[in-house]
Amino acid sequence: LMMKVFLTRRLPQEAATLLSQAEVCDVSLWDSDEPVPRAELLKGVKGAHGIVCLLSDKIDVEVLDAAGPNLKVISTLSVGFDHMAMDEIKKRGIRVGYTPDVLTDATAELTVALLLATARRLPEGVEQVKNGGWSSWKPLWLCGYGLSGSTVGVIGLGRIGLGIARRLKGFGVKRLLYSGRTAKPHAAEVDGEFVTLDTLVAESDFVVVSCSLTPATQGMCDKAFFSKMKKTAIFVNSSRGSVVNQEDLYQALSSGQIAAAGLDVTTPEPLPTDHPLLTLKNCVVLPHIGSATYSTRGVMAELCARNLLGGLQGTDMPSELTS
Ligand code: GLV
Ligand code: GLV
C-alpha cells in the first residue's frame, strides 16, 4: 500500500527525483509556484501520511485535523518552524523534519549583503545613477556607515548568527556582542561577548537579529528597543518579521531615532507595495531570500525529501526537529 503525500508547492527537481525513486509514496502536489489556497490545502492533506510544506503554509490544528490519523510526518523546506503548531504536532506523535545547517552559509551571506547594502546605501546609489541624480562626485553625498572599528551586536548567536559574526569579523569589527537565552561556547571563535539585550542594543553600531520567532521574541524590537539604539546605528533582520513591531520601526526610521534598517523578513509577506516602510529611503526591504542560492535550495529540497521518506518509513530522518 503506497503512502499518501501532499506537497504544498512545486519543489526543486532534487526532491521530485528522490521521491519518485523511493516508490513508497503516492505524491500529489499543489502544482504551482504560488501558495496553495487554504481550501486546497485542507482538501489536499486529507488522509495524507506525509506533508511537505513551506514556511508560508500555516500548519495548525485545522490542517492536522483535515489530514487525519494517518499523518506520520511533516517535512518543511525551512530552518524556521514557527509556522507549525509544534505542541499539537508533538502531542499527536507526528514527526517533523526541517533544513538546518545546509542554509547557514547562504543566509549568513545574504545578511551581510543586506547589512552592507543598508549601511552603504547601495539601493539609493543605484537609483541615483538611473534617474540622473548623479551630477558629480561630492564629498558628503551618499555617505553611510562602515564596519571597520565598529561594534556589532547579534541577537541570537545560533548557527546562522555565528555565520554572520564570522563573516563580519573579517571586516575589522572591533567588538562582537551577542544576546540570547544562554551564553554559547562557540562564541569564543568570534570573541563574542555575552551581554544583556539592553546592553547590546545600546552599544552596537549594527544590531543584527538572527533569533527564532518564539513567544519571547515576538514584537521584541519595539519602541523601547529602538529608543535605546544609537542614532547612527543600523538595524538588520533576517529572522522573522514578527520579531519587529513595524509601526515602531517606521517611527524610529522616519524620526531619525536610528540611521537605517535592512529587512529580509516582514509581516506580512509579501509586504504590500503601499506599506509605509517602503516610502523610506533609509529602509531596505528584501523579499525573504536568505537561503536563495541555486545550490542551497537544491540541497534543502533533497534534505526535505529525505526527511519525509525517513518519517514515512519509520527510520532515521537526517534532520528531525526534536526539541
Ligand atoms: C527561512 O526563513 C527558513 O526558515 O528557512
Ligand atoms: C537556527 O535558526 C540557526 O541559526 O540555524
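Here are worked exercises on a predicted model of one chain with ligands. Residues are numbered from 1 along each chain as its sequence is written, and chains are lettered from A and ligands numbered from 1 in the order in which they are written. In this predicted model, local features need pLDDT of at least 70, side-chain atom pairs count only at pLDDT 80 or more, and totals for chains, interfaces and linings use all residues.

**Exercise 1. The whole chain**

State how many helices and strands the chain has, and decide whether it is as compact as a globular protein of its length.

Step 1. The chain has eleven helices and twelve strands. These are DSSP runs numbered from the N terminus: helices (H or I) need at least four residues, strands (E) at least two.

Step 2. The radius of gyration is 21 Å, close to the 20 Å from the globule rule for 323 residues, so the chain is as compact as a globular protein of that length. The radius is taken over C-alpha atoms, and the rule is 2.2 Å times the number of residues to the power 0.38.

Step 3. For the extent, use the principal axes: the C-alpha trace spans about 70 × 45 × 30 Å.

**Exercise 2. Helices H1 and H11**

Describe how H1 packs against H11.

Step 1. Helix H1 (residues 13–22) and helix H11 (residues 294–313) pack at about 25°, with axes 7 Å apart. Axes are lines fitted to C-alpha atoms, for helices over the stretch in contact, and angles run from 0 to 180 degrees between N-to-C directions.

Step 2. That angle makes H1 roughly parallel to H11. The classes are roughly parallel (under 35 degrees), roughly antiparallel (over 145), roughly perpendicular (65 to 115) and oblique (the rest).

Step 3. The contact includes Leu 18 and Leu 19 of H1, and Ala 301 and Leu 309 of H11. Residues are in contact if their C-beta atoms, placed from the backbone, lie within 7 Å.

Step 4. By class, this contact has eight nonpolar, one polar and three charged residues. Ala, Val, Leu, Ile, Met, Phe, Trp, Tyr, Cys and Pro count as nonpolar, Asp, Glu, Lys and Arg as charged, and the others, Gly among them, as polar.

**Exercise 3. Helices H5 and H7**

Find the crossing angle of H5 and H7 and classify it.

Step 1. The axes of H5 (residues 104–119) and H7 (residues 159–169) come within 8 Å and cross at roughly 55°.

Step 2. H5 and H7 are therefore oblique to each other.

Step 3. Among the residues that meet are Thr 104 and Ala 108 in H5, and Arg 159 and Ile 160 in H7. The contact residues divide into five nonpolar, four polar and three charged.

**Exercise 4. Two ligand shells**

List the residues around each ligand and sort them by class.

Step 1. Around ligand 1 are Leu 55, Ser 78, Val 79, Gly 80, Leu 103, Gly 290 and Ser 291. A residue is near if its C-beta atom, placed from the backbone, lies within 6 Å.

Step 2. This shell has three nonpolar, four polar and no charged residues.

Step 3. Ligand 2 is surrounded by Val 79, Pro 100, Thr 104, Gly 158, Arg 159, Ile 160, Gly 161 and Ser 212. H7 gives the most, with three residues.

Step 4. The ligand 2 shell has three nonpolar, four polar and one charged residues.

**Exercise 5. Unusual backbone**

Locate the cis peptide bonds before Pro 268 and Pro 270, and the positive phi of Arg 121.

Step 1. Recall that most residues other than glycine have a negative phi, and most peptide bonds are trans.

Step 2. Thr 267 and Pro 268 are joined by a cis bond, with omega about -10°. Glu 269 to Pro 270 is also cis, with omega near -5°.

Step 3. Pro 268 lies in the loop between strand E11 (260–263) and strand E12 (283–285), and Pro 270 lies between E11 and E12 too.

Step 4. Arg 121 has phi near 60°. Arg 121 sits in the loop between H5 and helix H6 (122–131).

Methods:
Two residues are in contact if their C-beta atoms, placed from the backbone, lie within 7 Å.
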